[in-house]
Structures are given as structure tokens and as C-alpha cells.
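Please open the structure in your viewer and keep the selection tool at hand. The tour moves from empty spaces to strands, then to a loop and a few unusual backbone places.

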Amino acid sequence: MSTGSPTTASSRVTGERLAERFAQATAAGVNLLRVWGGGLYESEDFYRLADELGLLVWQDFPFACAAYPEEEPLRSEVEAEARQHVARLAAHPSLVVWCGNNENLEGHADWGWQEKLAGRSWGAGFYHDLLPSIVAELDPTRPYWPGSPYSGAPGLPPNDPSRGTIHIWDVWNREDYRRYAAYRPRFVAEFGFQGPPAYATLRRASSDEPLTPDSSHQKAIDGQAKLLRGLGDHLPRPETFDDWHYLTQLNQARAMAFGIERFRALMPHCMGTIVWQLNDCWPVTSWSAVDGDGRRKPLWYALRRAYADRLITVQDGEAALVNDTGEPWTGELRLERRGLDGRPLAKEVVAVHAAPRSVLRVALPPSVAEPDDPARELLTARLDGTGIVRCYAEDPAVAYPPAAYDAHAERTPDGYRVTVTASSVLRELALFPDRLDPAASVDDQLVTLLPGESAVFEVSTGRELDPGALTRFPVLRCLNEEVRS
């Protein structure tokens, strides 16, 4: 996962803050942090924490999205800086790869730079000669990669999905997130999708009354329009700020989970995804999973599921069982086609054995592969405590009943326990306690319940809250509220 931003004042990035971000990364299942070429060489605290936690670090040299002259005096400064930091960081076991730059090879090949440069130097000598020679001299046991994206040789198209590392940005900028399924990459080193910050973060940063979508500063060109375009046919169009906030956060989480699940299911052909980005340094709408005030967005919870060691995902008429552990995953995969009322319509049980570090694909039997009525049915898949719920149609086309449930909150030593028991299907149930206490957080988000099922949310807070407010709109949300009349 890519980290941070170069504009964060280094004096504010304390060891305590780094420890909090690293804890958020590891809790989400992240095992690699990419220090982006548009950023900086991180502090000793950063690499020490990575060493202690067993996190891997991909280190870009600080070149990004631009042409750099190779002549003096810059060349000598580049060499001196690279020598200093390669020598400084070589002893850290967390460091696993040096990368020459971010997107400069692609920029020169595909972004129209060559005509503007008119034959002038642009950095190729740094990435293909100077930097690899320094790494070979001072840190010879570690691999060096000239840039990202990069396809393995200077004459190849840099962002070729069939080779090397790629970056995927057509989805956020232009395409529906289902386009991730059209890629068959070897390693996705950068991709992302936007969502707004937590409510408390936005409320702190804006004096607008009332809040609107434009109360949140945008980090992308035409970003607000892209957020709404990205909803596509996946979610209803928001009519209020509260709906905009919930739906665009949900869509960010779904888009990234869709991409990660597709790429993980390609293992071993695809062996990695690096999400842009873990955290942000401004209280803005951006691609981050942790917003500028350190609050976890719904995306963070989706990452935790998508990066779980064992994952069930349904793709192209198959259930893909991703087993990223050192032990076999064996048992009975229970596949059920159900009505929205939870009533079983068809059930299949398949004995499965997913070998360690492998993906097992199981064709969906016809009885559960196709619904009789896509608007009124859903699919569940469960194996050994891992389960998913998938609709056969996009949510606006599903005939959800109005949300019906019983919810109550009780005090605990660390805050509150909120228990929700569904009387109807509850789609993408979420709790936002930061609306009541900016310091409050919750242990889970985006849970789908069938009638009769319950979910328990643990809310951490040091304040006395209104228990009733924890169990009603706009703190407690589910998608049914958006589509019911």
C-alpha cells in the first residue's frame, strides 16, 4: 500500500503517529508499504517499525511524474543523495526492493513528453545506469527495478499488463470499476478509487452549514463528477449530503474490493496489489483508506476483508477460494440461492481442498448459478467460518423490502456494544459513531444481514453517548434506506 504525502510537515510525523498508521496497515492485512517517488526518504522510525512488524518496504527513489535533466549540477546531487540513503537503509531487513521512479518511464513513452523535450535528457540515465550501479555497489543483495510501471526492458511499453508492474488509473478517471476484470496483470503497483473523509473529519475542516459534497476539498481534477459517475448502476443517486457521504464511501470500498479480489484470484499469475493509498495528510476527499485526521473510512474495513488470508470471491460463474496460508483449506463449501426473505431456494454442498498458497476455482452448480428472479434473490457462500453474500443484480435493480430490524446499545468498559438483529435483509449495514463523538470508532462496517441474523458492533469512546442515537439514522445506516419509498 502506498503511504503518505510529501507535503506532510516532517515535524508532525512523530513515532507515535507512524506506529498508529502501521497498526492500521497491518490490521487491514497489508504486508507491503510502497514509499512513493513523489514523497521522500522516510525517517529511521519508519523503517525500524517496518522491521519490527515484519512489513515489507518498496522504496522508490524520489523521482515522480516529471522529466529530470541529467546534466550537472543535478547529476552530482542525485548521486550524492542516492549514495547516502542507500547506505543508510541497506541494513533494514524490511527493505525488499529499490525502484528508480514513479511513472517517468510511462510519461516519456506515452504522455507526449518526447516532442516537448526535443532531444533533451529526461532521467533515463539515472534509472537505467546511475541508480542501479549505486545499488549494486552499496546494497548488492537487493533487487533494483528501473521504475513503475515498467515491463522489464527499456524498449517495451511500460504499462503492459502482461509484464512487470502496472498502474491502473482508467477506472477512477473514466471507466466503471468492473473494468478491473478486463485486466490480467502480473503485479499491480498502483491503483485507487476515491471516497470522502469521515464525517467528523469533514465537520472539523469545514465551517459550511449545512455540509454539502463541496464542503470537502477535492484532490482530483473533476473529482466530484467522477465520484458520481463512479456510482454507475451499482448504487442509487444521492439526493442529500448524508446519502452522498454514505454512498460514495460505500462505492469506494466496493470498487477497491472488486479489484483486489479479481487480482488475488489470479494468483500465481498475479502476485501483488499495492493500493493507492493508505493515509492522507489533508482532511479531503481522496483515494485514502485512512483520512487526514487518522479516521478509518469504510474502505479500510473492505481492505481487511479483501486482504484476509483466506478469501471467498464469486467471479464469472465460479467461486474462487484464495488460500494465502501455509495450511490446506479443506471442508464443505455451502452455496445457497436464497430469496430476499432468507428462504432457501437451492442449496449445493461441494467438498473442497485448496492447497497452501493457491487458488481453487469451483464452478457454481446450475441450481445456484442463475436466479429465477435476479431482483428478488441472492447467493451465499460459506466455508469454515468464512462467508459472503452476493446479489444477482446491481442494488438499484433489487426489490429490497424496507429495512426492518431491532437494535439496542449497551454500555461497556470501552464504550458501547450495538446489537442489530434483522427482521428483513439489511444491505451494507454501517455504524458511524464519529457523528456523535469525533473520537469514537467502530470495529466493523458494511455488513449484510439476512432475516434472523445479528451483527454486534463494538464502539470505542470515552464519552457518554445517547444510546438511542447509536441505533438510528444517520449514525446507523443501511442501503435499504436509500431505495425504499
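A cavity is a set of grid points where a 1.4 Å probe fits but cannot get out, and its volume is the space filled by probe spheres set on the points. Please keep in mind throughout that this is a predicted model.

**Stop 1: the cavity**

Rolling a probe the size of a water molecule over the atoms shows where empty space is left. In this structure there is one cavity of 30 Å³ or more, and the space within the largest cavity comes to about 40 Å³. To see what surrounds the cavity, select Asp242, His245, Tyr246, Phe432, Arg435, Pro474 and Arg477, which make up its lining. Which helix gives the most to this lining? It is α10, which contributes three residues. If you now colour the lining of the cavity by class, you should find three nonpolar residues, one polar residue and three charged residues.

**Stop 2: a pocket**

Next, turn to the second largest pocket, which holds about 560 Å³ of space. Its lining is made of 21 residues, and those closest to the centre of the pocket are Asn31, Met271, Gly272, Thr273 and Asp324, so select these five to begin with. Then show α10 (241-264) and β7 (273-275), each of which supplies at least two residues of the lining of this pocket. The largest share, three residues, comes from β7. Coloured by class, the lining of the second largest pocket divides into 13 nonpolar, four polar and four charged residues.

**Stop 3: an open sheet of three strands**

Strands of a sheet pair through backbone hydrogen bonds, either parallel or antiparallel. Select β19, β17 and β21, and you will have an open sheet whose strand order is β19-β17-β21, with antiparallel pairing. Why is one side of β19 (447-449) and of β21 (476-477) left without a neighbour in the sheet? These two strands stand at the edges and each has a single partner strand, so one side of each stays free of a neighbour in the sheet. Now look at the pairing of β17 (residues 426-431) with β21, where two bridges join the antiparallel strands. One place to select is Ala430, whose bridge partner in β21 is Arg477. You have already selected Arg477 once, since it is among the residues that line the largest cavity.

**Stop 4: a parallel pair**

Move on to β5 (165-168) and to β6 (residues 187-191), which pairs with β5 in the parallel sense over four bridges. Within this pair, Ile166 stands opposite Val188 in β6. In a regular strand the side chains alternate between the two faces of the sheet. When you display the side chains of β5, you can follow Thr165 and His167 pointing one way and Ile166 and Ile168 pointing the other way. Are these four residues buried or exposed? All of them are buried.

**Stop 5: the loop before β5**

Select Ser151, which is found in the loop between β4 (144-145) and β5. Ser151 counts as buried because its relative accessibility is 6%, where buried means under 20%. Its side chain reaches the backbone oxygen of Pro157 at 2.5 Å, and the side chain of Ser151 also reaches the backbone nitrogen of Asp160 at 3.5 Å. Leaving aside neighbours within four places in sequence, Ser151 is in contact with Leu156, Pro157, Pro158, Asn159, Asp160, Arg163 and Gly164, so a selection of these residues shows its surroundings.

**Stop 6: unusual backbone places**

Most residues other than glycine have a negative phi, and most peptide bonds are trans. Staying in the loop between β4 and β5, find Pro149, where the peptide bond from Ser148 to Pro149 is cis, with omega near 0°. A cis peptide bond also joins Glu209 and Pro210, with omega about 0°, and Pro210 has its place in the loop between α8 (199-205) and α9 (223-231).

For the phi angles, go to Ala118 in the loop between α5 (113-117) and α6 (124-138). Although Ala118 is not a glycine, it has a positive phi of about 50°, and with a relative accessible area of 63% Ala118 is exposed. Finally, select Arg357 in the loop between β11 (344-354) and β12 (358-363). Arg357, which is not a glycine, has a positive phi of about 55°, and its relative accessible area of 53% makes Arg357 exposed.

Notes. Residues are numbered from 1 along each chain as its sequence is written. This is a predicted model: local features need pLDDT of at least 70, side-chain atom pairs count only at pLDDT 80 or more; totals for chains, interfaces and linings use all residues. Side-chain values use heavy atoms; hydrogens and water are left out. On a 1 Å grid over the protein atoms alone, a cavity is a set of points where a 1.4 Å probe fits but cannot get out, and a pocket is an open set with protein on both sides within 12 Å along at least five of seven lines; lining residues have an atom within 4 Å of a point. Ala, Val, Leu, Ile, Met, Phe, Trp, Tyr, Cys and Pro count as nonpolar, Asp, Glu, Lys and Arg as charged, and the others, Gly among them, as polar. Buried means under 20% relative accessible area, exposed over 50%, partly exposed in between (1.4 Å probe, protein chains only). A polar contact is a pair of N or O atoms within 3.5 Å; within protein, one must be able to donate a hydrogen and the other to accept it, and residues adjacent in sequence count only if both atoms are side-chain atoms. Contact means heavy atoms within 4.5 Å. Two strands pair if DSSP finds at least two bridges between them.
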